[in-house]
Amino acid sequence: MEVCKEWIGQRPPILDRLYLRLKLKTSYLAGKVLDLEMLHRLGVEAKARLNLGENDKSLYFFNVVKQKVGPALQDELNLLAKGAGWFLSREMMIIYAYNDRNELYKSEVISGSRSSVSTQFQIKKLIDKLVSQILNEGGILKSIEIVHTHPSKDLLLYKSDRLVYLINGLGKADIDMASIVARLFKSQVIVKAISGSKISYSYELN
């Protein structure tokens with residue numbers, strides 16, 4: 001196995017690297033930031049180990065649910081940039097609502113901590129406000145999109161004896177929250193996590 005002792009590409013912020021060491025409860029030599037192209041180029045064995053799969057040239061991440069993996073849109077990159085810091089990054093969130101004429105309504109942008117962005121109560125409050133705007137203008141709620149950032153980059157870490165991959169897609173808490181929103185508002189819900197590697201992980205509930 002090739003051993004790397006330096007970061008390849010841009011390093012995560014200082015406190016992000018410290019947070020990573022504490023989270024993993026271990027040390028590592030260095031690492032490399034993975035982008036979407038690199039994930040596509042991984043071999044079959046590596047993809048299987050990371051719970052990644054391909055179908056009709058689309059990439060999926062299997063963690064709790066089958067998540068679609070793709071490039072982050074410009075608005076999502078802007079959201080990611082809002083939470084970026086030199087020493088520490090934080091999660092950010094915005095909610096979109098669409099009416100029956102497919103018109104878009106946006107919530108305010110919410111700033112969170114390093115590993116959390118909002119509570120179920122806060123999310124419901126933001127959606128209630130958007131739904132009220134739609135109803136007041138004579139429309140009907142059609143769908144909700146919850147977009148938040150996972151500022152950690154998707155990484156390949158080099159340890160003394162092995163390689164460790166870290167993929168920052170949607171977790172169980174994200175899916176549970178989206179399921180609650182879908183039940184409460186009886187609407188289609190799309191939940192997205194935008195990783196620090198500018199990759200979008202999304203799941204749709206009907």
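Here are some friendly notes on a few parts of this predicted model, from its paired strands to one of its pockets.

1. Let's start with three strands that follow one another. S2 (52-55) and S3 (residues 58-63) pair in the antiparallel sense over four bridges. To find a point where they face each other, look for Leu52, which stands opposite Phe61 in S3. The two strands make a hairpin with two residues between them, and Asp56 in the turn has a positive phi of about 55 degrees.

2. S3 also has a partner in strand S4 (residues 65-71): five bridges join them, and they run antiparallel. Here Leu59 stands opposite Val69 in S4. This hairpin has one residue between the strands, and Val64 takes a positive phi near 75 degrees.

3. Now look at Asn51, in the loop between helix H3 (44-49) and strand S2. Is Asn51 buried or exposed? Neither label fits: a residue is buried under 20% relative accessible area and exposed over 50%, so Asn51, at 41%, is partly exposed. Leaving out residues up to four places away in sequence, Asn51 touches Tyr60, Phe61 and Phe62. Asn51 and Lys66 are 15 residues apart in sequence, and their C-alpha atoms are 9.6 Å apart in space.

4. Lys66 is worth a second look. Lys66 lies over the face of Tyr60, at 4.3 Å from the ring centre. Tyr60 is also one of the residues that Asn51 touches.

5. Which residues form an aromatic pair? The count comes to one such pair. Its members are Phe61 and Tyr201, set edge-to-face, with 5.8 Å centre to centre and 65 degrees between the planes. The pair links distant parts of the chain, with Phe61 in strand S3 and Tyr201 in strand S12, 140 residues apart. Phe61 is buried, with a relative accessible area of 6%, and Tyr201 is buried too, at 0%.

6. Tyr201 brings us to strand S12 (residues 199-205), which is joined to S11 by six bridges, the two running antiparallel. Val189 stands opposite Leu205 in S12. The hairpin of S11 and S12 has three residues between the strands, and Lys198 takes a positive phi near 65 degrees.

7. S11 has another partner as well. Eight bridges join strand S8 (residues 141-150) to S11, and these two run parallel. As a landmark, Thr149 stands opposite Ile194 in S11. How many of the eight residues of S11 are buried? The answer is six, so this strand (residues 188-195) is mostly covered.

8. Next, a loop residue to compare with Asn51. Ser107 is found in the loop between strand S6 (104-106) and strand S7 (110-111). Why does Ser107 count as buried? Its relative accessibility is 10%, and the cut-off for buried is under 20%. Leaving aside neighbours within four places in sequence, Ser107 is in contact with Ile94, Ile95, Leu126 and Leu130.

9. Finally, visit the second largest pocket, which has a volume of about 320 Å³. The lining is made of 17 residues, of which Glu91, Ser118, His148, Ala173 and Asp174 lie nearest the centre. Helix H5 (120-136), S8 and helix H6 (172-185) each supply at least two residues of this lining. Which element gives the most to the lining? That is H6, with four residues.

Notes
Residues are numbered from 1 along each chain as its sequence is written. This is a predicted model: local features need pLDDT of at least 70, side-chain atom pairs count only at pLDDT 80 or more; totals for chains, interfaces and linings use all residues. Side-chain values use heavy atoms; hydrogens and water are left out. Buried means under 20% relative accessible area, exposed over 50%, partly exposed in between (1.4 Å probe, protein chains only). Contact means heavy atoms within 4.5 Å. Two strands pair if DSSP finds at least two bridges between them. Rings of Phe, Tyr and Trp (its six-membered ring) pair if their centres lie within 6.5 Å; planes under 30 degrees apart count as stacked, over 60 as edge-to-face and the rest as tilted. A charge sits over a ring if NZ of Lys or CZ of Arg is within 6 Å of the ring centre and within 35 degrees of the ring normal. On a 1 Å grid over the protein atoms alone, a cavity is a set of points where a 1.4 Å probe fits but cannot get out, and a pocket is an open set with protein on both sides within 12 Å along at least five of seven lines; lining residues have an atom within 4 Å of a point. Grid points are joined across faces, edges and corners, and a volume is the space filled by probe spheres set on the points.
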